[in-house]
Amino acid sequence: ILHRNKVEMTKGYIWKPWFILSLLNKLPHNSICFYLDAGAEISTNTHALDELKRLFAYAKENGSIFFRNNYDSRITADEETLDLLSKYLKEIKNPHHSVVAGCMILRNDKDTRSLIRKWCYLSILKNGQFFIGNKNLKHRHDQFVLSGLLNNLNHLFNILKKPIWFSNFF
């Protein structure tokens, strides 16, 4: 993907999906990968750890798990991006939840690898930054792309409400 499209890893927003795809390609089939962004935290109380174990077991049986925020993902993108991505993701202009790109429980299977590969390709369409409400808070393109993909493929994946034991720096 990087060489064919002449993309540098440090430019654009391909680094996260590329890192995850690279890791999944090294893991055994149907194994679980828990991705957590740097700077993010999970609670280590007994209830939270039991819930995390339950979610790992659930993902092993039922497939990858993604978590959603309670806001519409479209507020994080500009019109140019919406127009560009609507050529690939027909439903992206419709209301859809934003997915937390900083916390994922991924089962290494064909559907998950296909999703992450699409996330890589669509993340290099534009090297821009988008803003939510506060102009000083930059929001990444990769999260909007992942949200749009999952909105189109939600029948293949589990999208749950963001758990209370997870917090990030936003």
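This passage walks through the fold, the interior, the charged pairs and a few notable residues of the structure shown above.

The structure is a predicted model, in which local features need pLDDT of at least 70 and side-chain atom pairs count only at pLDDT 80 or more, while totals for chains, interfaces and linings use all residues. Residues are numbered from 1 along each chain as its sequence is written, and side-chain values use heavy atoms, with hydrogens and water left out.

The overall layout comes first. The protein has 5 helices and 8 strands, where helices (H or I, at least four residues) and strands (E, at least two) are DSSP runs, numbered from the N terminus. Read from the N terminus on, the elements follow the order α-β-β-α-β-α-β-α-β-β-α-β-β. Contacts (heavy atoms within 4.5 Å) often link distant parts of the chain: among those between residues at least 6 apart in sequence, 79% join residues at least 24 apart. The accessible surface, from the Shrake-Rupley method with a 1.4 Å probe and, for residues, only the protein chains shown as cover, comes to about 9,200 Å². Carbon and sulfur atoms account for 53% of this surface. Of the 170 residues in the protein, 45% are buried; buried means under 20% relative accessible area, exposed over 50%, and partly exposed in between (1.4 Å probe, protein chains only).

The interior can be described through its nonpolar cores, each a set of buried Ala, Val, Leu, Ile, Met, Phe, Trp, Tyr and Cys residues joined through side-chain atoms within 4.5 Å. The largest nonpolar core has 29 residues, and those with the most contacts inside it are Ile20, Phe66, Met104, Leu115, Trp119 and Leu146. At least two residues of this core come from each of helix H1, strand E1 (32-36), helix H3 (79-86), strand E4 (97-107), helix H4 (110-123) and helix H5 (141-152). Apart from this core lies another, of 8 residues, among them Leu55, Ile65, Cys103 and Ile105. Trp119 gives a view of the surroundings of one core residue: leaving aside its neighbours within four places in sequence, Trp119 is in contact with Lys16, Pro17, Ile20, Ala101, Met104, Asp142, Val145, Leu146 and Leu149.

One of these partners, Asp142, is found in helix H5 and is buried, with a relative accessible area of 0%. The C-alpha atoms of Asp142 and Ile124 are 8.8 Å apart in space, although 18 residues separate the two in sequence. Cysteines can be checked for pairing too. A disulfide is a covalent bond between the sulfur atoms of two cysteines. With a disulfide taken as a pair of cysteine sulfur atoms within 2.5 Å, the count comes to 0. Cys33 is buried at 6% relative accessible area, and Cys103 counts as buried at 1%.

What about the charged side chains? A search of the whole structure finds 3 salt bridges, each a side-chain nitrogen of Lys or Arg within 4 Å of a carboxyl oxygen of Asp or Glu. In one of them, the side chains of Lys16 and Asp37 meet at 3.2 Å, N to O. Lys16 lies in helix H1 and Asp37 in the loop between E1 and strand E2 (41-42), so the pair ties together parts that are 21 residues apart in sequence. Lys16 is buried, with a relative accessible area of 0%, and Asp37 counts as buried at 12%.

Arg54 and Glu51 form another salt bridge, with the closest N and O atoms 2.7 Å apart. Both lie in helix H2 (residues 46-62), 3 residues apart, about one turn of the helix. Arg54 is partly exposed at 45% relative accessible area, and Glu51 is partly exposed at 22%. Asp109 and Arg107 also form a salt bridge, in which the closest N and O atoms are 2.8 Å apart. Here Asp109 is buried at 7%, and Arg107 is buried at 15%.

Two features remain. Trp15, Phe19 and Leu23 make a nonpolar surface patch of about 270 Å². Patches are made of residues with over 30% relative accessible area and no salt bridge, with like charges joined within 9 Å and nonpolar side chains (Val, Leu, Ile, Met, Phe, Trp, Tyr) within 5 Å. Phe19 is found in helix H1 (residues 15-26) and is partly exposed at 47% relative accessibility. Finally, Asn30 lies in the loop between H1 and E1 and has a phi near 70 degrees, a positive value in a residue other than glycine. Most residues other than glycine have a negative phi.
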